[in-house]
Amino acid sequence: MKLTVESIFDSNKKKKQYFNMLNSFRAEYFNEPTIGKYKLKHWDMMQKQGLIPFSLYENNTAIGMAEISGGSLYGIRMLNVCTLYIDPKYRGKGYATGFYRWMEQEAEQQNLGFGIQVEQSSMIKNKTQFMQMGFNWAGVITDCPNDMFYNETTWILFFKPYLKRLMSIDNCVRQLEEVA
């Protein structure tokens, strides 16, 4: 596995590859293939939303995309992965873990915390996978920037316990399952 990550899109071809992956993610996530498609003409609008786009490649083949946002959690400056999509043909090969580890190193070099945003249903369903990747701590998002909102409770998962108020994912999911 040779993962390459790019955030600088110096050609329209790379922008189109990014949008193809973004559109695939949206069709799969929202379970509706006809949902509005992003095209090259939307690039400037996407940049203004404050998300940093990344494309993931294996041997110059686009295999996924990610969206990163900056922010803070209880006063700690953070980089958060808001979206990570890996093409189904490439899943289960360690690309998500590789990308998360790469992002963690990038965040540490900038003296930032690092986390991933996950909806509660996904956290419960995929708890074992997240823990195997090294995400063992969680904190709930209580304040959304830019007047955004989430359809369900959304958590940030961490490799490291940045704060005392974070819960272990295992305890968190156990409590959520007891309530359900």
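Reader: In β5, which residue is the bridge partner of Val 81?

Author: This is a predicted model, so let's go by its strand pairing. Val 81 sits in β4, and four bridges join β4 to strand β5, residues 113–119, with the two running parallel. The β5 partner of Val 81 is Ile 116.

Reader: And which residue stands opposite Val 81 in the other pairing?

Author: On that side the neighbour is strand β3, residues 61–73, which runs antiparallel to β4 and is joined to it by 10 bridges. The residue that stands opposite Val 81 is Ile 68.

Reader: Is β4 largely enclosed or open, and how many of its residues are buried?

Author: Buried here means under 20% relative accessible area. Strand β4 is largely enclosed by the rest of the structure, because the buried count among its 11 residues is eight.

Reader: What handedness does the β-α-β unit of β4, α3 and β5 have?

Author: The two strands in question, β4 and β5, run parallel. Together with helix α3 they make a β-α-β unit, and its hand is right-handed.

Reader: Where do I find Tyr 95, and is the residue buried or exposed?

Author: Tyr 95 belongs to helix α3. Its relative accessibility is 2%, and the cut-off for buried is under 20%. So Tyr 95 counts as buried.

Reader: How far apart in space are Tyr 95 and Gly 64, C-alpha to C-alpha?

Author: In sequence, 31 residues separate Tyr 95 and Gly 64. In space, their C-alpha atoms are apart by 8.8 Å.

Reader: How many salt bridges does the structure hold?

Author: One of them pairs Glu 28 with Arg 91. Another is formed by Arg 101 and Glu 104. The total comes to two.

Reader: For Glu 28 and Arg 91, how many residues apart are they?

Author: Their side chains meet at 2.9 Å, N to O. Glu 28 is in helix α1 (residues 12–29), while Arg 91 is in the loop between β4 and α3, so the pair links distant parts of the chain. Glu 28 is partly exposed at 41%, and Arg 91 is also partly exposed, at 37%. The separation in sequence is 63 residues.

Reader: Which residue of the Arg 101 and Glu 104 pair counts as buried?

Author: Both lie in helix α3, three residues apart, about one turn of the helix. Their closest N and O atoms are 3.4 Å apart. Arg 101 has 35% relative accessibility, so that residue counts as partly exposed. At 10%, the buried partner is Glu 104.

Notes:
Residues are numbered from 1 along each chain as its sequence is written. This is a predicted model: local features need pLDDT of at least 70, side-chain atom pairs count only at pLDDT 80 or more; totals for chains, interfaces and linings use all residues. Side-chain values use heavy atoms; hydrogens and water are left out. A salt bridge is a side-chain nitrogen of Lys or Arg within 4 Å of a carboxyl oxygen of Asp or Glu. Buried means under 20% relative accessible area, exposed over 50%, partly exposed in between (1.4 Å probe, protein chains only). Two strands pair if DSSP finds at least two bridges between them. A crossover is right-handed if, with the strands pointing away from the viewer, the path from the first strand over the helix to the second runs clockwise.
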